[in-house]
Amino acid sequence: MKNSIFLLFVSISLLYSCSSDDSDPQPDPDPGPTTNAVRLATDATFGSILTDADGMSLYFFSRDSKGESVCVDGCKAAWPIFYADNLTLDAGLEAADFGEITRADGDKQTTYKGWPLYYFASDNTAGDTNGDKVGNNWYIAKPDYSLMYVEAQLVGRDAEGNDQNFKSDYTPGDELTFYIVNATTGRTLYTFINDKKDTNNFTASDFSNDAVWPVFHIDIDKLPSILDASDFGTIDVFGRQQLTYKGWPLYYFGQDVERGDNFGINFPAARVWPIANTDTPEAPAN
């Protein structure tokens with residue numbers, strides 16, 4: 001009798017144990033902290049920079065002036081593209097600043113403020129920034145650039161309104177030219193040949209001609225390493241601020257509509273509204 005009672009107790013205990021395991025599964029082990037696809041790192045030289053989840057540095061290519069990647073073939077091998085399908089971001093980064101493009105080779109690539117993002121094949125460990133300023137057209141990706149340095153074909157318009165390529169000396173022809181643009185929109189910046197040092201000689205006091213050549217101003221924060229912050233200044237133009245470079249007031253061109261446009265380089269004639277780059281001479285004294 002005692003054996004029967006003992007066996008019945010054991011059977012009930014086993015049944016309860018199995019039932020409990022089925023209806024009340026144990027929680028999964030703690031997966032630990034997650035790592036965002038794009039992170040903000042602090043570099044001793046560059047300050048805040050963009051990295052991937054493993055801390056590998058990301059870069060901008062100055063020839064991607066129109067927001068499309070022109071780094072192909074051998075370039076792509078040296079500068080592998082960055083793409084995050086599940087784009088999670090560190091605090092301080094805004095999702096609206098990121099996008100993606102489908103490259104000519106069919107691959108997808110993540111962009112930041114319109115600039116496609118890349119790795120540098122010669123960066124071996126997290127924190128390496130060996131790609132900055134390579135060829136004067138690769139720059140560490142930072143969230144706070146005020147201006148960007150691009151290398152692109154200058155394209156003006158002929159008398160009939162057709163596109164016409166120009167060299168860096170403003171004669172017709174094919175050649176890549178370096179120049180400064182607004183980092184957030186990619187719009188080309190120009191100088192005016194009749195201006196003097198820290199003096200705007202174009203803008204009317206009522207700004208009636210500002211739509212043709214709008215004055216440009218931005219508070220300088222961080223710059224690509226090829227540019228020197230001491231070359232920039234600010235002047236007052238009838239109550240508005242205008243940024244200067246080497247003493248030259250800086251302007252947009254009203255007919256530059258798309259990212260990467262530089263149609264102002266021969267309007268109304270070549271050399272009247274030059275682009276600005278590191279070869280730009282100091283503005284003459286007033």
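Select Cys71 to begin: at 0% relative accessibility it counts as buried, a word that here means under 20% relative accessible area, with exposed meaning over 50% and partly exposed in between, for a 1.4 Å probe and protein chains only. The model is a predicted one, in which local features need pLDDT of at least 70 and side-chain atom pairs count only at pLDDT 80 or more, while totals for chains, interfaces and linings use all residues. Residues are numbered from 1 along each chain as its sequence is written, and side-chain values use heavy atoms, with hydrogens and water left out.

Add Cys75 to the selection; Cys71 and Cys75 form a disulfide with sulfur atoms 1.9 Å apart, the term being a pair of cysteine sulfur atoms within 2.5 Å. The structure holds one disulfide, and because the torsion about the S-S bond of Cys71 and Cys75 is about -110°, that disulfide is left-handed. Cys75, at 23% relative accessibility, counts as partly exposed.

Next, select Leu117 and Ile180, the residues with the most contacts inside the largest nonpolar core, which has 61 residues; such a core is a set of buried Ala, Val, Leu, Ile, Met, Phe, Trp, Tyr and Cys residues joined through side-chain atoms within 4.5 Å. Around Ile180, leaving aside residues up to four places away in sequence, the residues touched include Leu147, Tyr149, Phe232 and Tyr245, where contact means heavy atoms within 4.5 Å.
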